[in-house]
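Reader: I have a model open and a few questions about it. Can we go through them one by one?

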Amino acid sequence: MKRRTIHPARQLTGGVEPPGDKSISHRYAMIAALAEGASELRHFAAAADCHSTLECMKALGAEVKLDKDTVRIIGRGLRGLKGSRRALDAGNSGTTMRLLAGILAGQEFMSQLTGDSSLQNRPMNRVVGPLRQMGADIRARDDNFAPLEIRGGRLHAIDFKMPMASAQVKSAVLLAGLFAEGETIVTEPARTRDHTELALEEFGARIEKSGKTIRIQGLAAGNGGAKLHGRSLDVPGDLSSAVFFIAAASLFPDSNLLIRNIGLNPTRTAILDVFASMGASLQMLSVRSAHGEIVGDLAVKGASLKGGVIEGEQIPLVIDELPMLAALGPYTEQGIEIRDAAELRVKESDRIAALAENLRRMGATVEERPDGLRVEGRQGGRLRGAEIEPHGDHRIAMAFAVAALGASGATVIRDAGCAAVSYPTFYEDLERLAE
Ligand code: S3P
């Protein structure tokens with residue numbers, strides 16, 4: 001899909017169930033491939049990123065069958081994966097590359113791991129460093145970028161104090177820890193999403209959490225003989241995708257929206273607190289637990305949003321939702337200011353630059369800073385439809401499709417198909433709800 005035209009709307013009404021959570025789907029698929037026996041993963045993410053993970057696990061010898069949004073995986077056990085002759089292709093997915101690097105570090109064969117041009121320009125030294133400390137031999141272009149060449153083998157446990165708050169780095173070390181001799185300890189500087197910990201526990205790993213420290217016992221080196229077992233699991237809907245609808249509904253006083261079956265893991269819901277503190281009308285309904293994760297429905301009504309500052313320890317907890325928040329900035333009273341978020345510059349695109357560029361295309365006033373941006377408020381009436389350049393970044397494309405609903409005149413999203421990286425039917429769902 002090349003270009004998509006978005007027309008202004010008056011309200012969002014009805015119900016929607018976003019696809020399965022991307023972060024959880026990656027983890028379930030990888031761990032299922034390392035487990036003994038069959039796993040069934042229902043409501044698996046439709047995201048292209050998670051399909052990259054499935055292809056990689058297949059290339060490593062797991063049996064993977066996809067039937068609509070149910071994935072069946074026959075795992076090969078901790079020592080059962082086989083080397084792939086071809087390079088493993090993570091596509092656009094940082095999570096695939098970084099988490100898989102942790103698993104490959106523990107394998108006795110050599111692997112090559114590559115990705116698209118965006119992924120080949122994202123930093124990998126954050127995982128390469130600790131995995132080398134554990135004993136893996138890893139080569140990277142300029143010692144930092146994909147393609148990566150990983151010669152795994154016997155790993156030893158480390159006590160790793162993470163220099164940055166990143167769930168991907170934490171997860172890479174914990175997954176490598178499965179293959180290490182002894183107990184691997186990881187301490188985070190600030191909390192990040194804990195889906196890896198929950199998923200490992202669910203499949204039978206020996207893992208303990210206490211505050212910001214996580215300990216995992218190596219299983220493959222014969223420590224106690226524990227194994228991972230295949231599981232039958234339901235993936236909750238993706239809150240990071242639901243956020244586009246929360247934002248869109250909030251724009252219009254007459255909106256009335258029900259978002260069903262959404263993951264509400266407390267390490268992901270900081271974005272709901274941000275919306276609530278800005279005055280959004282949100283109600284959680286039917287909250288229930290599912291294999292360690294929490295799931296519920298969200299009722300959203302229109303509201304007038306105050307805006308505000310997002311900074312510090314909040315940033316890693318809302319990192320994927322910052323594009324949507326920034327693009328809402330002009331519609332808020334005080335505007336939106338994002339600080340301490342230099343990490344946004346090394347996501348699927350330089351998100352700070354892409355946000356500033358496209359907000360300006362719509363007529364908003366923006367100050368771009370090295371670690372964030374400030375978007376002036378009370379400009380909703382002045383925003384006009386524009387041609388948006390997402391720079392191949394799914395979350396930029398979707399954020400501006402939402403911002404376009406409140407502008408005057410039509411907006412064209414170039415290269416709109418990049419939304420499929422996380423949400424292939426996003427525009428259809430948005431159009432169905434917008435009146
Ligand atoms: C993710 C972690 C975050 C997030 C990414 C998904 C994960 O990245 O931005 O979209 O599934 O672990 P970092 O770990 O780099 O912050």
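**The ligand site**

Author: Start with serine 23: one of its polar side-chain atoms sits 2.7 Å from an oxygen atom of the ligand. Keep in mind that this is a predicted model.

Reader: How far is the polar side-chain atom of arginine 27 from an oxygen atom of the ligand?

Author: Arginine 27 is listed with Ser23, Ser166, Asp320 and Lys347 as the nearest of the 13 residues around the ligand. Its contact runs from a polar side-chain atom to a ligand oxygen. The distance is 2.6 Å.

Reader: Which residue has a polar backbone atom 2.9 Å from an oxygen atom of the ligand, and how much of the ligand does the protein bury?

Author: This contact uses a backbone atom, and the residue is glutamine 168. Taken alone, the ligand exposes 390 Å². The share of that area buried by the protein is 94%.

Reader: Now the open sheet of 4 strands. Which strands stand at its edges?

Author: The strand order is S20-S21-S23-S22, and the pairing is mixed. An edge strand has a single partner, so one of its sides is left without a neighbour in the sheet. That describes S20 (308-310) and S22 (366-369).

Reader: What is the average twist from one strand to the next?

Author: Take the open sheet in its order, S20-S21-S23-S22. From each strand to the next, the twist averages 15°.

Reader: Which residue in S23 stands opposite arginine 369?

Author: S22 and S23 (residues 372-375) run antiparallel, joined by 4 bridges. Strands of a sheet pair through backbone hydrogen bonds. Opposite arginine 369 stands glycine 372.

Reader: Which helix packs on the sheet, and what angle does its direction make with that of S22?

Author: The helix is H11 (residues 351-361). H11 touches both S22 and S23. Its direction makes an angle with that of S22 of about 165°.

Reader: Is glycine 80 buried or exposed?

Author: Glycine 80 lies in the loop between S5 (70-76) and S6 (88-89). Leucine 34 is 46 residues away in sequence, yet the two C-alpha atoms are 7.5 Å apart. The relative accessibility of glycine 80 is 18%, and the cut-off is under 20%, so glycine 80 counts as buried.

Reader: What is the relative accessible area of alanine 401, and which residues does it touch?

Author: Alanine 401 belongs to helix H12 (residues 394-405). It is buried, with a relative accessible area of 0%. Its C-alpha is 7.1 Å from that of isoleucine 413, 12 residues apart in sequence. Not counting residues up to four places away in sequence, alanine 401 touches Ile6, Ile413, Phe426, Tyr427 and Leu430.

Reader: Which residues is threonine 184 in contact with?

Author: Threonine 184 is found in strand S13 (residues 183-187). At 0% relative accessibility, it counts as buried. Leaving aside neighbours within four places in sequence, its contacts are Met134, Ala157, Ile158, Val173, Gly177, Ile214, Arg215 and Ile216.

Reader: What covers the buried residues of H8?

Author: H8 spans residues 270-277, and its buried residues are Ala270, Ile271, Leu272, Val274 and Phe275. Both helices and strands take part in the cover. It includes H7 (239-250), S18 (281-290), S19 (293-301), S20, H9 (314-317) and H10 (322-328).

Reader: Which residue takes a positive phi just after H8?

Author: H8 covers residues 270-277. The phi in question is about 100°. The residue is glycine 279.

Notes:
Residues are numbered from 1 along each chain as its sequence is written. This is a predicted model: local features need pLDDT of at least 70, side-chain atom pairs count only at pLDDT 80 or more; totals for chains, interfaces and linings use all residues. Side-chain values use heavy atoms; hydrogens and water are left out. Two strands pair if DSSP finds at least two bridges between them. Helices (H or I, at least four residues) and strands (E, at least two) are DSSP runs, numbered from the N terminus. Axes are lines fitted to C-alpha atoms, for helices over the stretch in contact, and angles run from 0 to 180 degrees between N-to-C directions. Contact means heavy atoms within 4.5 Å. A residue is near a molecule or strand if one of its heavy atoms lies within 4 Å of it. A polar contact is a pair of N or O atoms within 3.5 Å; within protein, one must be able to donate a hydrogen and the other to accept it, and residues adjacent in sequence count only if both atoms are side-chain atoms. Accessible areas come from the Shrake-Rupley method with a 1.4 Å probe; for residues, only the protein chains shown count as cover. Buried means under 20% relative accessible area, exposed over 50%, partly exposed in between (1.4 Å probe, protein chains only).
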